[in-house]
Every structure is written in structure tokens, then in C-alpha cells.
Amino acid sequence: MQDEFGQVVEPYSLSAGLDYPGMGPLHAHSISTKRTQAISITDDEALIAVQQLTRNEGIIPALESAHALAALNKMSFSENEIVVVNLSGRGDKDLNIYFETCDI
Amino acid sequence: MNPFKSETKKIGLFVTAGYPLLDSTTKWIEQIQDKKFDFIEIGMPFSDPLADGPVIQKSSEVALKNGMNMRLLFEQISSIKDNIQLPIVLMGYLNPVFQFGMDNFLAKCEETGIQHVILPDMSVEIYERFYQTSFEKYNISNCFLITTQTPENILNKVKMYSSNSFVYLVSSNSTTGEKD
């Protein structure tokens, strides 16, 4: 994340793991060659996904992973399609944020 | 004029562009013309100066707040280039140069009479793979950084690429400036 002069700009995310301006070269490459589609998720959308997974599956996702889950609501799938979501972290580290912001 | 062609000791002076005021750099350069320096190193401020310690970090921060950027720096150097005798070495980080465009950057260096740059986060491998042709086209030398851990094959390349400039010997696994 940078300005027009290549200076790094201060990022923001409710999720500590995403509050970072850098991007891995592998991700950057696969997005620019269109092998990967990147979708952005707001804090609110991620928090809704936290509650959905918690209520429906009994799994508390980390805030970072909740962004991946929230992307499901923005994509369409055909019936019988198998969808894999990488749940990269556990949500017990984020419980204080969930208690403050979610209706749990 | 290339000050690095003779083997005598050289004294260079480092200033951060745009510090303490936006137009300080050019005034400074003009004022130190007659002092006993061999070259001036101008630091192009960057938000994440990873090789620099607190003093240069702070000056970069102030310079960026003042509104310094690469386009403006070249304009400033261009405005005084006929009055200066001292060679200028530009030091900065790869990302702002990358955004400016490497060819554009090197063309501006050539235009303003700058023959040497230091881009500490540009490795020899990246130089060879992406930029060597352009550096040679504009006749600009990069001063590479070496440490006591630099392998011999890289050292030999650095020696070859730096024959018109100097090699930056990093004295410790740390940033610039004094330590507590």
C-alpha cells in the first residue's frame, strides 16, 4: 500500500494480522496474472462471518480467516460445487474484539 | 568529473533532501561548494528507511512531511546544476524509484549530471536481472553494499560493477548511526 511517490502509507484493519501495508510477491504475481481473484472485505463483513461460522459450525475463526469466509457471501457457486476455505487461525486470540463488537 | 577514479581518500557529506525545510538541500549544496568535500550524498527520503538509524529516519520523516518527493528533488537539483562543481551521489530506496520508473529515474540522473546512486535494497541479482541494461545505457553506477558475509562470487561482481564508483562496506549487522 503506497502513495503515488512510492511512500508506504499507514494501513488500517480491525484485524492485527491484516493491519500491514506489505504484500507477498507470490500473491501479487498470481493476482496480476489473474490466477487469483482478490476480494476486499470490510471489518463489518468479517465480523458477520465470525458469527455465521460460530453459530452454524461451532468454530470460532480468527479475524484474518473471517475475511476469507466473508468472501463466500460475495461469490456464487453452482450446486454440488466443492468449496475449500483456508481457516488460517483460531479465534480465541480475538475474543476480546468479538465480545466488544458482536452480539454474542 | 568522477571523484572515485583516483585512489586518494575522499570525504563525502550526507544530507537528507527536504530537511529541515523543503528548499534546504539546494541552499546547502551551494553553500558548501568551496569547503573541502569531494562529493555530496543526497538522501531521497523514504517512509521505511530500513538501512537507516533514528537520525536519518527522523530527517526523512520531516522531509516527507515538508512535501519532498523525487520529481521535486530533480527539479531542485536541475535548478542549481550549472552552479555546482561537486559530484552528487543520490541515495534512496528501491520502491520510490520503482514508482518513478527506473528508466525515468536514470534519465533524470543523467540530465542533472548525477553519475552515482546508492540503492541499498537493490541486490546484485535484481540489478542484473532487471536494471543493468538501463544503468549502462545512462552511464550511471550503483554503489553496492557489502558485508563480511557477502559471498565471493557476489564480491567479484560488485567489484566489476563498481569500478566507476565506490563500494559501501557495511560495518555491522545494523542500521546507520550511533548505538546506545
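In the predicted model, helix H1 of chain B, which spans residues 24–31, lies across E1, E2 and strand E3 (88–91) of that chain and runs at about 160° to E1(B). Helix H3 of chain B (residues 70–80) likewise packs on the sheet, where it touches E2 and E3 of chain B, and its direction makes about 175° with that of E3(B).

The sheet on which these helices rest is an open one, built from 5 strands of chain B in the order E1-E2-E3-E4-E5, with parallel pairing. Its edges are formed by strand E1 (12–16) and strand E5 (141–142) of chain B, each of which pairs on one side only. Between E1(B) and strand E2 of chain B, the latter comprising residues 39–43, the parallel pairing extends over 5 bridges; within this pairing, B:Leu13 has B:Ile40 of E2(B) as its bridge partner. The loop that leads from E1 to H1 of chain B contains B:Pro20, and the peptide bond that joins B:Tyr19 to B:Pro20 is cis, with omega near 0°.

Chain A, by contrast with the strand-containing chain B, has 4 helices and 0 strands, so that no sheet description applies to it. Read from the N terminus, the elements of chain A follow the order α-α-α-α, and the C-alpha atoms of the chain fill a box of roughly 45 × 35 × 20 Å along the principal axes. In the loop between helix H3 (63–71) and helix H4 (95–101) of chain A lies A:Asn80, a residue that has a positive phi of about 75° although it is not a glycine.

The two chains meet through 7 residues of chain A, which are in contact with 10 residues of chain B. Together, chain A and chain B bury about 700 Å² between them, with 45% of this area on carbon and sulfur atoms. Of the area that chain A buries against chain B, 67% is supplied by A:Phe5, A:Gln7 and A:Val8, a share greater than that of any other three residues. Classified by residue type, the side of chain A that touches chain B consists of 2 nonpolar, 3 polar and 2 charged residues. Although charged residues are present on this side of chain A, the count of salt bridges between chain A and chain B is 0. Polar contacts, on the other hand, are found across the interface of chain A and chain B, where 5 residue pairs meet the rule with both residues at pLDDT 80 or more.

Terms used
Residues are numbered from 1 along each chain as its sequence is written. Chains are lettered from A and ligands numbered from 1 in the order in which they are written. This is a predicted model: local features need pLDDT of at least 70, side-chain atom pairs count only at pLDDT 80 or more; totals for chains, interfaces and linings use all residues. Side-chain values use heavy atoms; hydrogens and water are left out. Two strands pair if DSSP finds at least two bridges between them. Helices (H or I, at least four residues) and strands (E, at least two) are DSSP runs, numbered from the N terminus. Contact means heavy atoms within 4.5 Å. Axes are lines fitted to C-alpha atoms, for helices over the stretch in contact, and angles run from 0 to 180 degrees between N-to-C directions. Buried area is the accessible area (1.4 Å probe) that two parts lose on being put together, summed over both. A salt bridge is a side-chain nitrogen of Lys or Arg within 4 Å of a carboxyl oxygen of Asp or Glu. A polar contact is a pair of N or O atoms within 3.5 Å; within protein, one must be able to donate a hydrogen and the other to accept it, and residues adjacent in sequence count only if both atoms are side-chain atoms. Ala, Val, Leu, Ile, Met, Phe, Trp, Tyr, Cys and Pro count as nonpolar, Asp, Glu, Lys and Arg as charged, and the others, Gly among them, as polar.
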